[in-house]
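Biologist: I would like to go through this model slowly with you, one question at a time. Could you show it first?

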Amino acid sequence: MKIGIIGAGNIGGNLTRRLTALGHEVSVANSRGPQTLTALAEETGAKPVSASEAAKGAQVVVVTVPLKAVPDLPTGFLDGAAEGAAVIDTGNYYPQRDGRITAVEDGLPESRWTEQQIGHPVIKAFNGTYAQDILDRGRPQGTPDRQALPVAGDDPAAKQAVRDLIDELGFDTVDGGGLDDSWRQQPGTPVYGNRGDADAIAKALSEASPERSAEFRA
């Protein structure tokens, strides 16, 4: 599968490592230019590209940049993606880093805000996952207590594509509902950073409160 990854930080870098190891064709970009990704490319075999080129022909595009950087993504960066491409948003709103985003403070789910900025539906996944777990905690399907990740989004086909990819990475998934329900996996909720199995993740999602804790408010 052809996969584009925009953002080469902890999550983006480790997804690049795992997905190339699984045999996927990965293009990876960051905000500083492909010349700064030489080491990651040599390590993984991924193709370093500009952010405007990362989605070209991709069936899955991962947007894993700070929320404040989403509006600065190149205009039309998804135009060259494959038809029906799934776009994964791994982002979280941290006001200490991102500054105040009024719509999110007023209750708009973070990934709905991202969707509005980029003009394309997104699937929320990996946002509460420890980056190192992507490398270390994947297990074969059917392993007892296999770690599960929540996945939220409105497009059933795109959501299934993301769930299948996560399964390939070695994790179970739990349907987190539509994107309007994705607040259940935002920072400060019981599922955020939770390493539980599918039952534990489903329970954590059900116990979430829409009230954002003071720690995660501007």
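Modeller: What follows is a set of questions and answers about the sheet, a helix residue, a pocket and a second helix. This is a predicted model, in which local features need pLDDT of at least 70 and side-chain atom pairs count only at pLDDT 80 or more, while totals for chains, interfaces and linings use all residues. Residues are numbered from 1 along each chain as its sequence is written, and side-chain values use heavy atoms, with hydrogens and water left out.

Biologist: In which order do the six strands form the open sheet?

Modeller: Strands of a sheet pair through backbone hydrogen bonds, either parallel or antiparallel. Here strands (E, at least two residues) and helices (H or I, at least four) are DSSP runs, numbered from the N terminus, and two strands pair if DSSP finds at least two bridges between them. The pairing in this sheet is parallel, and the edge strands, which pair on one side only, are S3 (47–48) and S6 (123–124). The order is S3-S2-S1-S4-S5-S6.

Biologist: Is threonine 16 buried or exposed?

Modeller: Threonine 16 is found in helix H1, and that helix, residues 10–21, lies across strands S1, S2 and S4. Contact means heavy atoms within 4.5 Å, and, not counting residues up to four places away in sequence, threonine 16 touches Ile5, Val26, Val28, Leu40, Thr44 and Ala46. Buried means under 20% relative accessible area, exposed over 50% and partly exposed in between, using a 1.4 Å probe and protein chains only. Because its relative accessible area is 0%, threonine 16 is buried.

Biologist: Which helix gives the most to the lining of the largest pocket?

Modeller: A pocket is an open set of points on a 1 Å grid over the protein atoms alone, where a 1.4 Å probe fits, with protein on both sides within 12 Å along at least five of seven lines, and lining residues have an atom within 4 Å of a point. Of the 21 residues that line the largest pocket, the closest to its centre are Ile11, Thr64, Thr90, Asn92 and Arg97. The helix that gives the most, with three residues, is H1.

Biologist: How many of the nine residues of helix H5 are buried?

Modeller: Helix H5, residues 110–118, is mostly covered, and its buried residues pack against strand S5 (86–89), helix H4 (102–105) and S6. Those buried residues are Glu110, Ser111, Arg112, Trp113, Thr114, Glu115 and Ile118. The number buried, out of nine, is seven.

Definitions and conventions. Axes are lines fitted to C-alpha atoms, for helices over the stretch in contact, and angles run from 0 to 180 degrees between N-to-C directions.
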